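Open the model in your viewer and keep the selection panel at hand, since this tour moves from one selection to the next. At each stop, make the selection before reading on.

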Amino acid sequence: MSEDKKGGIKRRDFLKIIGVAGGTAAVASSCSEPVEQLIPYVIPPEGIVPGVPNYYASTCRECPAGCGIIVKNREGRAIKIEGNPENPINTGSSCARGQAALQGLYNPDRVRSPLSNFNADKLQPVGWEAAQKTLTEKIEELGGSGNIVFLSNHISGTLGKLVDEWMDALGGKHIQYETFAHEPLKEANRISFGIDKIPTYHIDKTNYLLSFGADFIETWLSPVEYTKQFSKMHGVKDKQVGRFVHVEPRASLTGSNSDEWISIKPGTEAMLALGIANEIVSSGQSPNGGGGLGGMLSQYSTDKVSAMTDVPAETIKQIAKDFASMGPSLALGGGVSVTGTNATETLVAINILNYVAGNIGDTVDFGDTLNISNVNSFQDITSLTKSMENGEVDILFIYDVNPVFTLPKQLNFKDALGNVKYVVSFSSFMDETTEMADLIMPNNTPIESWGDYSSRESVNGLIQPVMSPVFNTKGTGDVILSVSGQVEKLNGRFTQTTFYDYLQNSWKEIWAGASSGSDFDTFWKDSLEKGGYYKDVSARPVSISGAVSSVKFNEPEFVGEGDFYFMAYPSYRYYDGRGANKPWLQELPEALSTGVWSSWVQIHPDTAKKLNVSQGDFLSIESSEGVIETQVYVYQGIRPDTLAVMIGQGHTSYGRYAKDRGVNPIDILPMSTDERSGGFAWLSAKVSAVKVSKSEQFVQTQYTTHQHDREIAQAISLTELEKGIHHDDHHSDADFYPPREYHKYRWGMSIDLQKCVGCGSCVTACNAENNVAFVGKQLCAQRRDMNWIRIERYFEEANNSAGFQTRYLPMLCQQCGNAPCEPVCPVFATYHNPEGLNGMVYNRCVGTRYCANNCTYKVRKFNWFTYKWPEPLNWQLNPDVTVRSKGVMEKCTFCVQRINHAKDLAKDEGQDVSDGAFKVACEQACPAEAIVFGNLEDKESEVYKQSHDDRGYQVLSFVNTQPGITYLRKVTQYEESKESHGTKNHKDHTG
Amino acid sequence: MKKGIKILSVPVLSIVILLGFYFYDAESSDKGPTQPIPFSHKIHAGEDEIPCEYCHSFVEVGPNPGIPSVKKCMGCHQHIVGRDVEYDFDGKTINIKNEIAKVREYWANKEPIPWVQVNSQPGYVHFTHKRHIKRGFECAQCHGDVASMDQVHKTERMNMGFCISCHTENAKDEHELAHLKDCLTCHY
């Protein structure tokens with residue numbers, strides 16, 4: 001260890017010098033802060049105050065429901081989407097997909113500028129002028145034949161009108177394609193009532209809801225609206241609850257919220273509906289005496305129906321009795337499970353059931369019909385594909401649809417697309433269809449554009465730009481008008497040069513129709529502020545047509561030789577696949593399995609045993625059309641003869657978050673149609689399944705389905721609810737310390753488990769509000785997911801026909817009065833604040849993780865890495881919330897930024913924060929209105945009342961954590977059996 | 001070699017530490033950051049008696065006071081081209097007319113002036129000017145006598161001790177004190 005031979009430096013000395021040098025550097029660098037620049041506006045935009053958000057009302061376009069939204073804008077960037085309380089559809093709530101629209105806007109894989117292939121194979125970026133010139137030339141060159149088709153999604157508003165006019169002028173056709181177009185529903189209503197429309201339903205006015213496959217909490221027609229109505233109907237009022245029975249071969253998320261899940265033989269729903277109707281009429285319970293249908297119905301005797309449907313005769317009788325006596329009642333029919341080859345007949349049968357029970361015109365409303373009734377049928381899409389195949393389409397415009405992904409493979413849309421001379425896509429995302437286009441003219445997302453959308457008669461929703469476009473994109477309306485100005489044939493066809501002018505002009509008609517008495521400018525501004533124009537549409541009286549008696553109710557046809565019925569069901573996270581490129585939705589645990597970032601097949605435990613597979617194994621599913629291989633999720637809520645895979649994954653394109661993830665079950669569906677309506681028959685495949693030698697961890701966020709007697713999600717029976725519940729005194733006498741005292745505010749929350757449906761809107765809303773990072777599948781597998789709020793789901797044994805009951809419980813930081821995390825923090829980074837919050841000071845945290853270890857509820861999340869939001873996803877981050885970095889613990893603090901903001905505003909007025917002055921993110925989003933937040937010190941507040949409800953309890957209260965969150969027990973409507981778990985009070989846990 | 005380092009390291013270290021203290025202290029010394037244009041608060045706020053809120057106009061309505069847009073500068077300097085005189089700007093001689101010409105140049109090019117931040121809080125501190133102004137605090141209480149500074153510099157280090165001591169002195173009652181000393185008031 002002496003000087004080395006070359007006379008160089010010794011190791012010890014080297015270290016010393018480095019030490020001194022390093023110290024110098026450290027001291028020197030710690031003194032000078034990095035130079036931050038303050039860049040002023042050159043010309044300040046009107047109405048922007050730095051640090052103060054602006055809110056713009058608009059309309060959500062993530063699905064055809066068209067909910068009203070309010071987008072929060074900070075310094076020119078959209079950072080949060082919330083429901084618009086003015087809009088009659090969603091009245092202030094939103095779903096996870098709506099929340100995640102921001103990750104569409106800021107998606108790093110958006111098409112950033114126009115692309116053209118210039119007769120080469122590769123798409124290359126071009127400027128807008130060049131792109132428009134190319135399109136103009138193509139229209140001049142190929143447009144003469146009039147073989148032009150504009151294929152769009154459901155665009156009911158002014159843009160739809162513009163496209164119609166444009167296509168008229170060019171001699172082309174506008175075809176509106178929706179993956180779920182509900183043709184059988186229209187056709188059934190035409191047969192039954194002579195109206196080929198989709199009505200609106202009033203679930204909230206019912207006491208008894210019978211759903212045949214309609215997944216109204218997930219994707220069916222208007223999920224936010226119907227979830228809200230359902231929670232009103234199913235929630236506790238005056239010690240009474242509504243009853244919900246769901247009929248489907250599998251218990252979907254909607255089905256899992258039912259009081260009774262009827263596991264019916266696939267395709268036999270018509271029989272069951274008629275059987276129930278017959279039972280009602282023949283037992284004299286029909287208010288209209290069966291309306292002349294008694295004779296027809298008498299063929300469907302209960303025993304016969306029972307044999308056909310696998311539903312016990314007793315159950316049919318019970319449903320019939322309740323359906324007739326617990327009125328107003330309502331039977332809904334829809335969703336993939338009733339959309340087989342006999343879909344229309346099934347829905348006619350359900351109409352008959354509603355009719356004999358006297359529900360038509362009461363809970364089914366044909367006045368305010370849905371405009372999705374107007375989209376083109378599956379037959380139109382089929383014939384379009386044929387003509388494309390035959391080379392009869394010269395120019396095809398693609399707008400906001402992805403038919404290559406959403407149409408069954410057998411239709412060969414992809415090949416047909418190759419035979420179209422020129423394909424122009426307006427998509428902002430490189431999806432399976434758009435990547436085959438010759439010219440891509442990326443559209444602005446709805447958050448960046450002007451527009452409108454009318455999902456129903458009563459609502460004209462306005463869409464306004466909340467920020468300037470993120471990328472070099474342009475509104476399709478503007479492109480159409482600008483190109484039209486250049487095409488010779490169209491000269492002078494349109495007087496407006498911008499879509500904004502065109503839109504305003506079109507709204508003059510609405511203004512004239514509204515006869516509001518104000519001038520147009522006032523009307524326009526007023527509509528913009530409210531998010532649209534809403535009017536009342538009176539109900540239309542309908543009567544059943546004699547035609548129903550001539551309808552023959554056939555058995556469904558299934559294609560394929562396999563043993564299993566195959567259900568490809570729309571996902572409430574991805575809808576028809578369009579949500580799959582949003583990491584928030586990928587990382588939102590699916591309610592039933594809590595699976596993330598993947599696809600799986602739901603399979604009954606008995607079937608799993610038979611096939612010798614267990615959770616995580618891969619199953620090869622083969623239909624007449626092809627094979628998919630996917631992971632097994634063993635689920636008791638599915639019939640043993642049925643397999644189900646959700647739609648939405650399996651993209652081969654569509655950006656980094658969607659690509660090569662899971663499988664697309666549509667790929668193996670046969671090209672069957674519903675005979676009467678021509679709609680696509682979603683349930684028509686029989687498949688075989690074999691185990692393959694591949695197994696992986698099934699990545700989920702909750703690995704148990706049992707409460708292990710912890711009684712986390714509790715329930716009481718209806719009889720108990722009626723009698724009144726014995727109350728425990730929360731063991732306050734057992735406490736060694738005096739109770740905490742609060743001045744003015746103690747923030748608290750109540751969560752009604754009878755209302756919570758497990759939809760996960762709160763999770764996504766929380767992610768958006770609080771800059772919660774997404775971590776990807778690999779880290780989720782290592783239990784490092786970051787969601788601050790999670791939906792715990794438990795399957796409880798129950799004495800109902802399904803044999804189990806699903807309980808959902810949103811779990812978030814309980815803001816304990818006596819928090820186990822606080823005393824173990826060595827640096828006081830977490831503490832109880834004077835207003836009852838369990839504070840978490842990120843800049844103090846040194847990352848010992850003792851708090852998480854000691855947390856009773858496991859709601860603390862640790863940043864194992866500094867998670868990145870790829871540019872420009874980071875534009876969405878809420879500037880009011882610190883972005884946490886590696887080594888820091890984080891958790892829910894009841895949106896303390898919103899609390900502080902509300903206090904700030906109240907102080908301006910010289911007041912205290914009043915009840916309901918603001919909502920926390922999860923509460924704001926919740927479509928079921930299960931979450932109530934507020935000040936527990938205010939005895940008049942809603943949260944105080946809820947927290948002192950008879951059903952109130954606190955999770956694991958015997959640990960004496962004194963949570964600030966009170967849960968309200970779920971109400972079970974079946975007779976409680978002695979061995980059922982978790983339905984007892986927690987008396988036996990004292991001491 | 002070994003001895004040399006040993007002997008050297010003591011004075012070197014002490015110098016380094018002393019230098020460190022000097023720079024550390026210098027933050028609140030009379031030398032603010034050099035700005036792209038030697039803008040004199042002494043002339044604007046002092047001699048011309050322009051109220052702070054005229055330029056920092058959001059101070060009472062939002063968390064950030066805001067810095068004036070180039071348009072706002074031009075609101076006056078459209079007409080005021082400045083005297084062609086030399087001016088002692090904190091010991092540096094400048095020509096007023098030449099400097100104002102720079103503002104007009106930014107405006108002509110429609111470019112923002114890249115001012116350098118003098119006072120700042122880290123991202124995990126959520127400070128709001130509005131509450132403090134509404135409570136009746138003078139700007140000078142935290143920012144010093146800006147009206148007498150050519151180049152603005154920090155007069156307070158604005159660390160948490162500074163906040164808390166002021167909060168403690170000014171709290172109306174124990175409840176307000178509890179709130180004003182609560183971490184979640186600023187850190188979230």
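This is a predicted model, and the first stop is helix H11 of chain A, so select residues 302-309 and show the side chains. The buried residues of this helix are Thr302(A), Val305(A) and Thr309(A). Because these residues cover an arc of only 65° around the axis, they sit on the same side of H11(A). To see what lies over them, add residues 269-282 and 313-325 of chain A to the selection: helix H9 and helix H12 are among the elements that cover the buried residues of H11(A). Before leaving, look just past the end of the helix, where H11(A) is followed by Asp310(A), a residue with a positive phi, near 65°.

Next, turn to the sheets. Strands of a sheet pair through backbone hydrogen bonds, and they may do so in a parallel or an antiparallel way. Find the open sheet of chain A, whose seven strands come in the order S6-S5-S17-S16-S15-S7-S8, with mixed pairing. Its edges are strand S6 (124-125) and strand S8 (173-176) of chain A, each of which pairs on one side only. Now select residues 148-152, which form strand S7 of chain A and pair with S8(A) in the parallel sense over four bridges. Within this pair, Ser152(A) is found opposite Gln176(A) in S8(A). Then add residues 158-170 of chain A, which are helix H5; this helix lies across S7 and S8 of chain A and runs at about 165° to S7(A).

The following stop is a closed barrel in chain A, made of six strands that run S21-S25-S22-S24-S23-S26 with mixed pairing. From one strand to the next, the twist averages 45°. Select strand S22 (residues 600-603) together with strand S24 (residues 627-634) of chain A, which run parallel and are joined by four bridges. Here Val601(A) stands opposite Val632(A) in S24(A).

Finally, zoom out and colour chain A by its domain assignment, which gives domain 1 (115-180 + 375-447 + 474-498), domain 2 (183-374), domain 3 (573-695) and domain 4 (715-733 + 747-981). Which residue classes make up the side of domain 3 of chain A that touches domain 4 of chain A? Between these domains, 13 residues of domain 3 of chain A are in contact with 18 residues of domain 4 of chain A. The side of domain 3 of chain A that touches domain 4 of chain A has eight nonpolar, four polar and one charged residues. Taken over C-alpha atoms, the centres of domain 3 and domain 4 of chain A are 32 Å apart.

Technical notes: Residues are numbered from 1 along each chain as its sequence is written. Chains are lettered from A and ligands numbered from 1 in the order in which they are written. This is a predicted model: local features need pLDDT of at least 70, side-chain atom pairs count only at pLDDT 80 or more; totals for chains, interfaces and linings use all residues. A residue is buried if 20 or more other C-beta atoms lie within 10 Å of its own, exposed if 12 or fewer, and partly exposed in between; C-beta atoms are placed from the backbone. Helices (H or I, at least four residues) and strands (E, at least two) are DSSP runs, numbered from the N terminus. The arc is that of the directions from the helix axis to the C-beta atoms. Two residues are in contact if their C-beta atoms, placed from the backbone, lie within 7 Å. Two strands pair if DSSP finds at least two bridges between them. Axes are lines fitted to C-alpha atoms, for helices over the stretch in contact, and angles run from 0 to 180 degrees between N-to-C directions. Domain bounds come from an automatic or database domain assignment. Ala, Val, Leu, Ile, Met, Phe, Trp, Tyr, Cys and Pro count as nonpolar, Asp, Glu, Lys and Arg as charged, and the others, Gly among them, as polar.
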